[in-house]
Amino acid sequence: MKTVIVDNLVKKYGKVIALKGISFEIYRGEVFGLLGPNGAGKTTTIRAISGALKPTSGKIVVLGIDVIKEPLRVKKRIGVVPELPSMYPELSVRDNLYIMARFYDMNSDEFRERLGIISEQLGIKHILGIKYGHLSKGYKRRVDIAASLIHDPELILLDEPTSGLDVFAANNLRKLLRKLVSIGKTIVLSSHYIDEVMELSNRVLLLYNGVKLFLDKPINLRKILKLKKKVKLYLAKSVDRSLLKMLEKNIDCEDCKVELEDERVIVIHTDEPLETITLAKQVVEENNNRITDADILPPSWEDVFIKYIEPLEKRECGQCPLASTGVCG
Ligand SMILES: Nc1ncnc2c1ncn2[C@@H]1O[C@H](COP(=O)(O)OP(=O)(O)OP(=O)(O)O)[C@@H](O)[C@H]1O
Ligand SMILES: [Mg+2]
């Protein structure tokens, strides 16, 4: 079942075209990841879906309701964690959450019951009496998330929910999101943390400059890009340029890259890590240096992002498998 349908969505802010006609669908019970560099249009997309922003053109249907025609009806059925905090700083956490609950037409008993569950799940029981404005950044974020869940919504939109959270809180939130999905909730998650989006999402929408670059399962990004493994070599002495050149010459494979990560650390992108290490050992020793340690690392999601986005930023369209979307014009 489709929880969200976005059809040819355009949003202009004066001369800036934040979204250039994107279309996609989100299914019930999936985590839908929104990924993209600063200014890609993630927040604009989330705000348009949630009814907080009127698109310039296009159509959005959420839970069967036309968002543009009936934004309030949609707002009451969904939960949103906005990019920036939106609570009353002078009010306590409990009062802020109560105001949200009233917006969702919950009575006091319903509020108390949900507050008990949510405050336990998000670890905010001990701060319910504290003014929101007095909280640390991470706790403010937890309260924002609590506010989005207070009315037990079917669809939850989270715009960078883990920014400001410590590792434990971020981890707990990921667990909570998985739990919500397991009971049939639908989640839209925008984040700068590529690993987080890739790990949690069933499908990922990669946005760049208001254009849809990629929409598929995270694993397919890897397949399309044929990402290489990384060999990290730790050397006894500083690396000189001639060694890098020699390595480049000797490790002769398609798209293999030799990089200097630190003055004593070389990174080689390769399909054959063991062979590469053997060969590099020889070259390094000929260069009067020595390998003291080596790591073989799988391609990271960071690499996925770099491989897609960096060529576009540098306008090296031929290097980017997605330049055909027209974004690199
Ligand atoms: N209220 C606004 N007025 C004018 N331009 C805006 C406004 N909001 C967003 N924009 C522009 O729209 C584009 C998309 O912005 P948006 O905030 O959706 O990106 P984002 O992907 O969420 O970025 P970030 O990762 O920095 O949060 C940007 O060029 C931004 O400058
Ligand atoms: Mg944003």
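This report describes the overall make-up, the nonpolar cores, one helix and the ligand shell of a predicted model.

In this predicted model, local features need pLDDT of at least 70 and side-chain atom pairs count only at pLDDT 80 or more, while totals for chains, interfaces and linings use all residues. Residues are numbered from 1 along each chain as its sequence is written, and chains are lettered from A and ligands numbered from 1 in the order in which they are written.

**Overall make-up**

The protein has eleven helices and 14 strands, where helices (H or I, at least four residues) and strands (E, at least two) are DSSP runs numbered from the N terminus. Its C-alpha atoms fill a box of roughly 75 × 45 × 35 Å along the principal axes. Of the 329 residues, 37% are buried, meaning that 20 or more other C-beta atoms, placed from the backbone, lie within 10 Å of the residue's own.

**Nonpolar cores**

A nonpolar core is a set of buried Ala, Val, Leu, Ile, Met, Phe, Trp, Tyr and Cys residues joined through C-beta atoms within 7 Å. The two cores below can be set side by side.

| Core | Residues | Members include |
|---|---|---|
| Largest core | 64 residues | Ile49, Ala146, Leu157, Ile187, Val188, Leu206 |
| Second, separate core | twelve residues | Val231, Ile251, Val258, Ile268 |

The members named for the largest core are those with the most contacts inside it, a contact being a pair of residues whose C-beta atoms, placed from the backbone, lie within 7 Å. Leaving aside residues up to four places away in sequence, Ile49 touches Val4, Val6, Ile60, Val62, Val67, Leu157 and Val188.

**Helix 4**

Helix 4 comprises the 15 residues 108–122, and because 1.5 Å is expected for each residue, counted as one less than the number of residues, it should span 21 Å, which agrees with the 20 Å between its end C-alpha atoms. Leu115, Ile118, Ser119 and Leu122 are buried in helix 4, and what covers its buried residues includes helix 3 (93–103) and helix 5 (137–149). Just after helix 4, Gly123 takes a positive phi of about 65°.

**Shell around ligand 1**

The residues around ligand 1, each with its C-beta atom, placed from the backbone, within 6 Å of the ligand, include Tyr13, Asn38, Lys42, Thr43, Thr44 and Glu83. Strand 2 (16–27) and helix 1 (42–49) each give two or more residues to this shell, and the largest share, three residues, comes from helix 1.

Technical notes
Contact = placed C-beta atoms within 7 Å.
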